[in-house]
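Here are a few exercises to work through with the model open. Try each one yourself before you read the solution.

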Amino acid sequence: VQLQASGGGLVQAGGSLRLSCEPSGTIFPISNIGWYRQAPGKQRGMVALISGGVSAHYVDSVTGRFTISRDHAKNTVDLQMSRLTPEDTGVYYCYMNYRGTDYWGQGTLVTVSS
């Protein structure tokens with residue numbers, strides 16, 4: 001199983017970016033799928049997660065600004081990020097728990113300039 005992430009880049013504060021993650025093949029059921037972030041000098045932490053295929057969870061700092069969604073037709077999980085701040089800068093990793101095993105994408109860099 002592989003996770004292919006895309007969509008990172010450089011954006012000014014207040015701007016928006018959309019990240020996309022595509023698991024390889026047809027995978028069902030997925031326990032949890034979402035996005036983690038590792039900011040410079042900090043540990044990796046959860047940003048947004050869909051658990052049990054239906055429930056979305058967000059870290060407090062992104063609530064109201066980020067939206068996670070699944071596109072079943074494209075087999076992707078997307079993270080729409082709005083009103084970005086420099087504190088959102090980091091490497092974003094797609095994550096999936098499938099049949100009891102954790103999988104990670106390669107990471108995509110998001111840089112928010114002030």
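Below are three exercises on this predicted model, each followed by a worked solution.

**Exercise 1.** Work out how the four strands of the open sheet are ordered, and which of them stand at the edges.

*Solution.* Start with the order: the four strands run 1-3-8-7, and their pairing is antiparallel. Next, look for strands with a single partner. Strand 1 (3–6) and strand 7 (66–71) each have just one, so one side of each has no neighbour in the sheet. Finally, check the angle: on average, neighbouring strands here are turned by 15° against each other, direction ignored.

**Exercise 2.** Find the bridge partner of alanine 5 in strand 3.

*Solution.* First take the two strands together: strand 1 pairs with strand 3 (residues 17–23) in the antiparallel sense, over four bridges. Then go to alanine 5 and look across. Its bridge partner in strand 3 is cysteine 21.

**Exercise 3.** Which cysteine is joined to cysteine 21 by a disulfide, and what does the link tie together?

*Solution.* Step one is the cut-off: a disulfide needs two cysteine sulfur atoms within 2.5 Å. Cysteine 21 and cysteine 94 pass, with S to S at 1.9 Å. The count by this rule is one disulfide. Step two is location: cysteine 21 sits in strand 3 and cysteine 94 in strand 9 (residues 90–98), so the pair ties together parts 73 residues apart in sequence. Step three is handedness: the angle about the S-S bond is -85°, and the link is left-handed. Last, check accessibility: cysteine 21 and cysteine 94 are both buried.

How values were computed. Residues numbered from 1 in each chain as written. Predicted model: local features only at pLDDT ≥ 70, side-chain atom pairs only at ≥ 80, totals over all residues. Heavy atoms only, no water. Pairing = 2+ DSSP bridges. Axes fitted to C-alpha atoms, helices over the stretch in contact; angles between N-to-C directions. Buried < 20%, exposed > 50% of the residue type's maximum accessible area, 1.4 Å probe, protein only.
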